[in-house]
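The following exercises are to be worked with the sequence and the three-dimensional structure at hand. Each task is followed by a solution in steps.

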Amino acid sequence: MTASLHARLRARADRSLASLDRFGATPFAVLGVSGTRALLGFVGFMFYASQYPDRHYLFGPSGVESWSRFTDVLDETGTFSLYSVSTSTAWFELVFHLGMLLALAVTLGVGGRPVLALHWVFLWSVYQRNQFLLDGGDNLAYLVIPMLMLTRCYDRLSFPSGLAGQVRERLPGGLRAAQTPLHNLGVLAIATQICLVYVTSGLYKVQGKLWQDGTALFYIMRIPEFELPGFSRLVYGNDLLVVVGTYATTLFLVYFPLGVLVPRLRPWAAVASIGFHLSIAFFMGLTGFALTMVACDLIFLSRPLAAAIRLTDRVRDRVTASVRRRTGWPEQSAVTAARTAAAKNAG
């Protein structure tokens, strides 16, 4: 009996050590965090672009929020904003357009971590300038972008310049060895943060009377700011949809972390979450918040996305080969094939 117990304990210890070694040697969810980076950059760029025609009214020195109130709020909260440096219109235009370009660069995967850090600073600044435009996605972006800086979020879905590789090769061996553990730590931090958001939101809803009696969705979708004319009525006018939607929302938010912990359920939980937030974007107009949550959900879909890309590549290669055979086009040279394979591996 003692020998059997000792063998089981030793087997568990060996599995734990193997998992620890894999955590330090194998980067997880590289494609997922790359998608998170790209989509968060797009959300920031969308914020700038959507307010561009009214930027002076919303964020300028003489905008709708008075300069004195803006600076007083910064002093009270102890935070900062690049827009508070000067009341010059030229300075405002410079900061606003630089922030817009940085968001676009993050979306396209240009500039690496330094550009991502600058994007965070400029995004924080514009959000602080007018907080009445925010829909909640900003709070998550504040937290997630610094976590992304730990990860290899520029390995995929980006335009590689070669500079990052040269810098990496010149780093001391100890720092290079720490890159993978830091990447995995960043992925784990983002996953934990998302689970906390879901659980906290779900537990608050459980305590609410309207969520308990299944009528919360009816009142939420009738709020003028969130109502979508012609569509919201189809939901809140149906008692069954209201009750099912209210209870399903609460159950999903509370039990989402359990679905994430089970590898086979993880992709389905992420897909359900994406559908949930896209419906929020459609019916309630909280586009920034919804896309920020979708961006973070992508880390749970890294393997399915990679499999889909590989399948797409195989289908494309087969179609290309078939077209070449039927049309008599010359086959791809060995040099071109090698370059294409190298580009795929680098991406």
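**Exercise 1. Cysteines**

Task: Determine how many disulfides there are, and classify C153 and C195 as buried or exposed.

Solution. The model is a predicted one.
Step 1. A disulfide requires a pair of cysteine sulfur atoms within 2.5 Å. By this rule, the count is zero disulfides.
Step 2. A residue counts as buried when its relative accessible area is under 20%. C153 has a relative accessible area of 0% and is therefore buried. C195, with 15%, is buried as well.

**Exercise 2. Salt bridges**

Task: State how many salt bridges the whole structure contains, and describe the one that E93 forms.

Solution.
Step 1. Searching the whole structure yields five salt bridges.
Step 2. The partner of E93 is R55, and their closest N and O atoms are 3.3 Å apart. The distance satisfies the criterion, because a salt bridge requires the nitrogen to lie within 4 Å of the carboxyl oxygen.
Step 3. Locate the two residues: E93 belongs to helix α5 (residues 89-108), whereas R55 belongs to helix α3 (residues 55-59). The pair therefore ties together parts that are 38 residues apart in sequence.
Step 4. Both E93 and R55 are buried.

**Exercise 3. Further charged pairs**

Task: Find the salt-bridge partners of R152 and D213, and classify R152, D213 and K209 by accessibility.

Solution.
Step 1. R152 meets D155 in a salt bridge, with 2.6 Å from N to O. R152 has a relative accessibility of 28% and counts as partly exposed.
Step 2. D213 pairs with K209, the closest N and O atoms being 3.5 Å apart.
Step 3. The cut-off for exposed is over 50%. K209, at 63%, is therefore exposed, while D213, at 34%, is partly exposed.
Step 4. A network of salt bridges also links E65, R69 and R129.

**Exercise 4. Helix α14**

Task: Check the span of helix α14 and explain how its buried residues are arranged.

Solution.
Step 1. Helix α14 covers residues 266-284, which are 19 residues. At 1.5 Å a residue the expected span is 27 Å, and the end C-alpha atoms are 26 Å apart, in agreement with it.
Step 2. The buried residues of α14 are A269, A270, S273, I274, H277, I280, A281 and M284.
Step 3. Viewed down the axis of α14, these buried residues fall within an arc of 135 degrees, so they line one face of the helix.
Step 4. The general reason is that an α-helix has 3.6 residues a turn, so residues three or four places apart point the same way.
Step 5. After α14 comes G285, which has a positive phi near 75 degrees.

**Exercise 5. Two buried residues and their contacts**

Task: For F92 and S232, give the helix, the accessibility and the contacts beyond four places in sequence.

Solution.
Step 1. F92 is part of helix α5, and its relative accessibility of 2% makes it buried.
Step 2. Beyond its sequence neighbours within four places, F92 contacts R55, H56, F59, G60, P61 and Y83. F59 is 33 residues from F92 in sequence, yet their C-alpha atoms are 8.3 Å apart in space.
Step 3. S232 lies in helix α12 (residues 232-236) and is buried at 0% relative accessibility.
Step 4. Apart from residues up to four places away in sequence, S232 touches M221, F226, E227 and F283.

Conventions: Residues numbered from 1 in each chain as written. Predicted model: local features only at pLDDT ≥ 70, side-chain atom pairs only at ≥ 80, totals over all residues. Heavy atoms only, no water. Salt bridge = Lys/Arg side-chain N within 4 Å of Asp/Glu carboxyl O. Helix = DSSP H or I, 4+ residues; strand = E, 2+ residues; numbered from the N terminus. Buried < 20%, exposed > 50% of the residue type's maximum accessible area, 1.4 Å probe, protein only. Expected span 1.5 Å × (residues − 1). Arc of directions from axis to C-beta. Contact = heavy atoms within 4.5 Å.
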